[in-house]
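Visitor: I've got a few minutes before my next run. Can you walk me through this one?

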Amino acid sequence: MLIKLVIFIIFFYFLYKIVNAVKQSKIGKNENYRFKPSSSSGEDLVEDPVCHTYVPVSQAYKKEISGKHYYFCSKQCSEKYTVDKNN
Ligand SMILES: [Zn+2]
C-alpha cells in the first residue's frame, strides 16, 4: 500500500516537473517575440500631466517651464499644457 503511494507521489512529482518545463519553455519562446515594456529595462517612466500617459524618460518630450522640467508624450501635449497654464 505504501509503495503504491510513493510511486504515485513520484509519478505526480515528475508530471509536475514536466508540465513546469513545458510552461517555462513556452514562456521563454514567447519572450523573444513579445514587446518588452520599457519599465523592465530599468528606465524611469514619467507621467504626462496633460493626458496622464506614462512615457519612458528617453522617449518623452521634455520641456522646461519656469525652471521646472516637464515630460510629455508628444509635442502636442506640451503645447496644450503651456496654453492651459497661460490661460
Ligand atoms: Zn500626452
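Visitor: Is histidine 69 buried or exposed?
Guide: Keep in mind that this is a predicted model. Histidine 69 is found in strand S4. A residue with 12 or fewer other C-beta atoms within 10 Å counts as exposed. Histidine 69 has 10 of them, so the label is exposed.

Visitor: Which residues is histidine 69 in contact with, leaving aside its neighbours within four places in sequence?
Guide: Start with the strand: histidine 69 sits in S4, and S4 pairs with S3 in the antiparallel sense. S3 covers residues 61-65. The contacts of histidine 69, with those sequence neighbours set aside, are Lys62 and Glu64.

Visitor: Over how many bridges do S3 and S4 pair?
Guide: Take some partners to begin with: isoleucine 65 stands opposite lysine 68 in S4, and lysine 62 has tyrosine 71 in S4 as its bridge partner. The pairing runs in the antiparallel sense, and the number of bridges is 5.

Visitor: What phi does serine 66 take in that hairpin?
Guide: Serine 66 belongs to the loop between S3 and S4, where the hairpin has 2 residues between the strands. With 6 C-beta neighbours inside 10 Å, this serine counts as exposed. Most residues other than glycine have a negative phi. Serine 66 goes the other way, with a positive phi near 45°.

Visitor: Which histidine has a positive phi of about 60°?
Guide: Look in the loop between strand S1 (45-47) and strand S2 (54-56). The residue there is exposed, because it has 9 C-beta neighbours inside 10 Å. It isn't a glycine, yet its phi is positive; the residue is histidine 52.

Visitor: How many residues of strand S3 are buried?
Guide: Being buried takes 20 or more other C-beta atoms within 10 Å. S3 has 5 residues, and the strand lies largely in the open because the number buried is 0.

Visitor: Which strand gives the largest share of the largest nonpolar core?
Guide: In soluble globular proteins, nonpolar side chains tend to be buried together. Here the largest nonpolar core has 6 residues: Val55, Ala60, Tyr70, Tyr71, Phe72 and Cys77. The largest share, 3 residues, comes from strand S4.

Visitor: What does tyrosine 70 touch, not counting residues up to four places away in sequence?
Guide: Tyr70 is one of the residues of the largest nonpolar core. With those sequence neighbours not counted, tyrosine 70 touches Pro49, Lys63, Ile65 and Tyr81.

Visitor: And what pattern does the protein follow along the sequence?
Guide: There are 2 helices and 4 strands to place. Read along the sequence, they give α-β-β-β-β-α.

Visitor: Last one: what percentage of the residues in the protein is buried?
Guide: The cut-off is again 20 or more other C-beta atoms within 10 Å. Out of the 87 residues in the protein, the buried ones make up 9%.

Technical notes
Residues numbered from 1 in each chain as written. Predicted model: local features only at pLDDT ≥ 70, side-chain atom pairs only at ≥ 80, totals over all residues. Core = buried A, V, L, I, M, F, W, Y, C linked by C-beta atoms within 7 Å. Contact = placed C-beta atoms within 7 Å. Pairing = 2+ DSSP bridges.
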